[in-house]
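Colleague: I have a spare half hour and would like to go through this one with you. Could you start with the terms I will need, and then let me ask whatever comes to mind?

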Amino acid sequence: MTEHAGKPFLYVVVCAAGIATQVTRLIDAARERDWEVGVIATPLAMNGFFDTAAVEAATGRPIRSAWRSPADPRPFPPPDAVVVAPATFNTVNKWAAGLADTLAVGTLCEAAGLGVPIAVLPCVADALAAHPAYRDSLVRLRGMGVRFGDPYSGLPDEDGGRPDFRWERALELLERP
């Protein structure tokens, strides 16, 4: 555990998927488990995919989405763990390929290289999940020790409702040995 307020620090990386509107559920669950939380969002996710004011209120910290200048202080301590939720097709593939063109993906590449535990809750349409590049990316990331929850396509179930996105599953993945 890193040294900061005596609590472990969790980075939550948020990608641009509709279910991101509920990301405060993950933040609240993490805080209930005594994590401090900082959110890093993809640039596209910052364009209305979640309530940024609610997230900042829940974490007590600004959301990061852009690189800081070298003279700026680090706004978050180093992570003890990282959750990517929801994780999109684009982010998973860029991360697996090492294409650190955004703060979010750069953070994931660095965390993986440092051996920080990482849990991912994919939110990818079935047609995209069937793409060979995505399947290869999952294999590569799993080989790096990344832990994945069950895929979530967001498609309605037989009753017309949408299945729950199991936000807490990310925390469970981090807790397993």
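Modeller: Let me begin with one term: a charge sits over a ring if NZ of Lys or CZ of Arg is within 6 Å of the ring centre and within 35 degrees of the ring normal. Please also keep in mind that this is a predicted model.

Colleague: Fine, so which residue lies over the face of Phe76?

Modeller: That is Arg64, which lies over the face of Phe76 at 5.8 Å from the ring centre. Phe76 also belongs to a cluster, in which ring pairs link it with Phe9 and Tyr11.

Colleague: How many aromatic pairs are there in total?

Modeller: The count comes to six aromatic pairs. In one of them, the rings of Phe9 and Tyr11 have their centres 5.8 Å apart and their planes at 90°, so this pair is edge-to-face.

Colleague: Are those two buried or exposed?

Modeller: Phe9 has a relative accessibility of 0% and therefore counts as buried, and Tyr11, at 8%, counts as buried because the cut-off is under 20%. Another edge-to-face pair is formed by Tyr152 and Phe165, whose ring centres are 5.0 Å apart and whose planes are at 85°.

Colleague: Where do Tyr152 and Phe165 sit in the chain?

Modeller: Tyr152 and Phe165 are 13 residues apart, and each is in the loop between strand 5 (147-148) and helix 7 (168-175). Tyr152 is buried, and Phe165 is buried as well.

Colleague: Back to Phe9 and Tyr11 for a second: which proline touches them?

Modeller: Pro79 does, and if residues up to four places away in sequence are not counted, Pro79 touches Phe9, Tyr11 and Val116. Pro79 is found in the loop between helix 2 (52-59) and strand 3, and its relative accessibility of 18% puts it among the buried residues. The C-alpha atoms of Pro79 and Pro117 are separated by 9.1 Å, although these prolines are 38 residues apart along the chain.

Colleague: What about pockets, and what volume does the largest pocket have?

Modeller: The largest pocket has a volume of about 320 Å³. Its lining is made up of 16 residues, and those nearest its centre are Tyr11, Arg64, Arg74, Thr107 and Glu110. Tyr11 and Arg64 have thus come up again.

Colleague: Which element gives the most to that lining?

Modeller: Helix 4 does, with six residues in the lining of the largest pocket.

Colleague: Changing topic, where is Asn93 and why does it count as buried?

Modeller: Asn93 lies in helix 3, which covers residues 89-97, and it counts as buried because its relative accessible area is 14% and the cut-off is under 20%. Leaving aside neighbours within four places in sequence, Asn93 is in contact with Ala133, Tyr134 and Ser137.

Colleague: And which other residues of helix 3 are buried?

Modeller: Besides Asn93, the buried residues in helix 3 are Thr91, Val92, Lys94, Trp95 and Ala96. The buried residues of helix 3 pack against strand 3 (81-87), helix 4 (103-114), strand 4 (118-122) and helix 6 (132-143). Just after helix 3 comes Gly98, which takes a positive phi of about 75°.

Colleague: Which residue has a positive phi although it is not a glycine?

Modeller: Asp34 does, with a phi of about 75°. Asp34 lies in the loop between helix 1 (23-32) and strand 2 (36-41), and at 41% relative accessibility it counts as partly exposed.

Colleague: While we are on backbone geometry, which peptide bond is cis?

Modeller: The bond from Ala85 to Pro86 is cis, with omega near -10°, and Pro86 is found in strand 3.

Colleague: You listed strand 4 among the partners of helix 3, so what does Ile118 touch?

Modeller: Ile118 has its place in strand 4 and, at 2% relative accessibility, counts as buried. Leaving aside neighbours within four places in sequence, the contacts of Ile118 include Trp95, Val82, Val84, Leu108 and Leu174. The C-alpha atoms of Ile118 and Leu171, 53 residues apart along the chain, are separated by 9.8 Å.

Colleague: Last one: what does the UniProt record annotate for residues 11-137?

Modeller: The UniProt annotation, from an unreviewed entry, reads "domain: Flavoprotein" for residues 11-137, and such annotations may be inferred rather than shown by experiment. In the model, that span is 39% helix and 17% strand, and its end C-alpha atoms lie 21 Å apart.

How values were computed. Residues are numbered from 1 along each chain as its sequence is written. This is a predicted model: local features need pLDDT of at least 70, side-chain atom pairs count only at pLDDT 80 or more; totals for chains, interfaces and linings use all residues. Side-chain values use heavy atoms; hydrogens and water are left out. Helices (H or I, at least four residues) and strands (E, at least two) are DSSP runs, numbered from the N terminus. Buried means under 20% relative accessible area, exposed over 50%, partly exposed in between (1.4 Å probe, protein chains only). Contact means heavy atoms within 4.5 Å. Rings of Phe, Tyr and Trp (its six-membered ring) pair if their centres lie within 6.5 Å; planes under 30 degrees apart count as stacked, over 60 as edge-to-face and the rest as tilted. On a 1 Å grid over the protein atoms alone, a cavity is a set of points where a 1.4 Å probe fits but cannot get out, and a pocket is an open set with protein on both sides within 12 Å along at least five of seven lines; lining residues have an atom within 4 Å of a point. Grid points are joined across faces, edges and corners, and a volume is the space filled by probe spheres set on the points.
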